[in-house]
Amino acid sequence: SQSVFTPFANRAEGEVQGAKSVEGTIPHSTMATELQISDADRARHAATFANLKPTDGFVTGQQARQVFLKSKLDSSILAHIWKLSDMDCDGKMDVDEFTVAMYLITLKLKGGVMPDVLPASLVPARSKSGYPPLQPETLGKYQAMFEKFDAENTGILSATVVYNILSKSKLPKPTLARVWKLSDQDKDGKLNKGEFCVAMHLTTLAKAGLALPTDLPPYLHPAQLAPTTTTATPATTDSNNNNNS
């Protein structure tokens, strides 16, 4: 059969037959499609991921292995979890893959049944070359934060206010400048609610070790996150900027 890399293939540490030996003994779970990772768990696992000092948004198999072994789970189980989580089989993990792995480890430690195929509910809602989406629960939190700082209900936050909020992340100024450039879609030097939510999301993920995207994916455009705003959509931004001084 085809060999798949896992960082748990050392028999000296308890490996019996790698992930293959596990697959044949794990029954299909009728609960598999109901597995969900909460926003709180995502944040917790993202913090652990960041502590591993990822390079270009990835941790190596050896970096992840040191964390996974702390679970004391049999290495054959960990090999199976790795195989489920390393979705592109490249021998390293981004924050989404790492989060899935940590979730499955916790599930197993609590006596849950391991799925033999990763259910759709645990597959990140983006392609490998894409960027993690903003979960509804977190979006609501960011919207509430915006409304708190927008005390006069103007529908916008100034650059100074936003900078004071984002700078609490302790990210380098060039990174925050990049976050601003991606978020301020209409280039007016201030952020509406949708743009603010984008900025918070990008800052949180950058803090977790992800490289910022080159371009904002469609599902993160401000109009998608706060459709009630009256700010110009990305499709009309250029023409509006040319018409306004």
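This note covers the overall fold, the largest pocket and one buried leucine in a predicted model.

1. The chain contains 11 helices and 4 strands, and 44% of its 245 residues count as buried. Among contacts with a separation of 6 or more, 71% are made between residues 24 or more positions apart. The accessible surface of the chain amounts to about 13200 Å², with carbon and sulfur atoms contributing 54% of that area.

2. The largest pocket encloses about 840 Å³ of space, and 38 residues form its lining, with Arg42, Ala43, Ala46, Thr204 and Leu205 lying nearest the centre. Sorted by class, this lining comprises 23 nonpolar, 8 polar and 7 charged residues.

3. Which helices supply at least two residues each to the lining of the largest pocket? They are α2 (39-51), α5 (95-109), α6 (136-149), α7 (159-166) and α9 (193-207), and of the contributing elements α9 gives the most, with 7 residues.

4. Leu176 belongs to helix α8, which spans residues 173-183. Its relative accessibility is 7%, and because the cut-off for buried is under 20%, Leu176 counts as buried.

5. The surroundings of Leu176 can be described further: once its neighbours within four places in sequence are set aside, Leu176 is in contact with Tyr163, Leu166, Ser167, Ser169, Leu171 and Thr203. As for Ala206, which is 30 residues away from Leu176 along the chain, the C-alpha atoms of these two residues are separated by 9.3 Å.

Terms used:
Residues are numbered from 1 along each chain as its sequence is written. This is a predicted model: local features need pLDDT of at least 70, side-chain atom pairs count only at pLDDT 80 or more; totals for chains, interfaces and linings use all residues. Side-chain values use heavy atoms; hydrogens and water are left out. On a 1 Å grid over the protein atoms alone, a cavity is a set of points where a 1.4 Å probe fits but cannot get out, and a pocket is an open set with protein on both sides within 12 Å along at least five of seven lines; lining residues have an atom within 4 Å of a point. Grid points are joined across faces, edges and corners, and a volume is the space filled by probe spheres set on the points. Ala, Val, Leu, Ile, Met, Phe, Trp, Tyr, Cys and Pro count as nonpolar, Asp, Glu, Lys and Arg as charged, and the others, Gly among them, as polar. Buried means under 20% relative accessible area, exposed over 50%, partly exposed in between (1.4 Å probe, protein chains only). Contact means heavy atoms within 4.5 Å. Accessible areas come from the Shrake-Rupley method with a 1.4 Å probe; for residues, only the protein chains shown count as cover.
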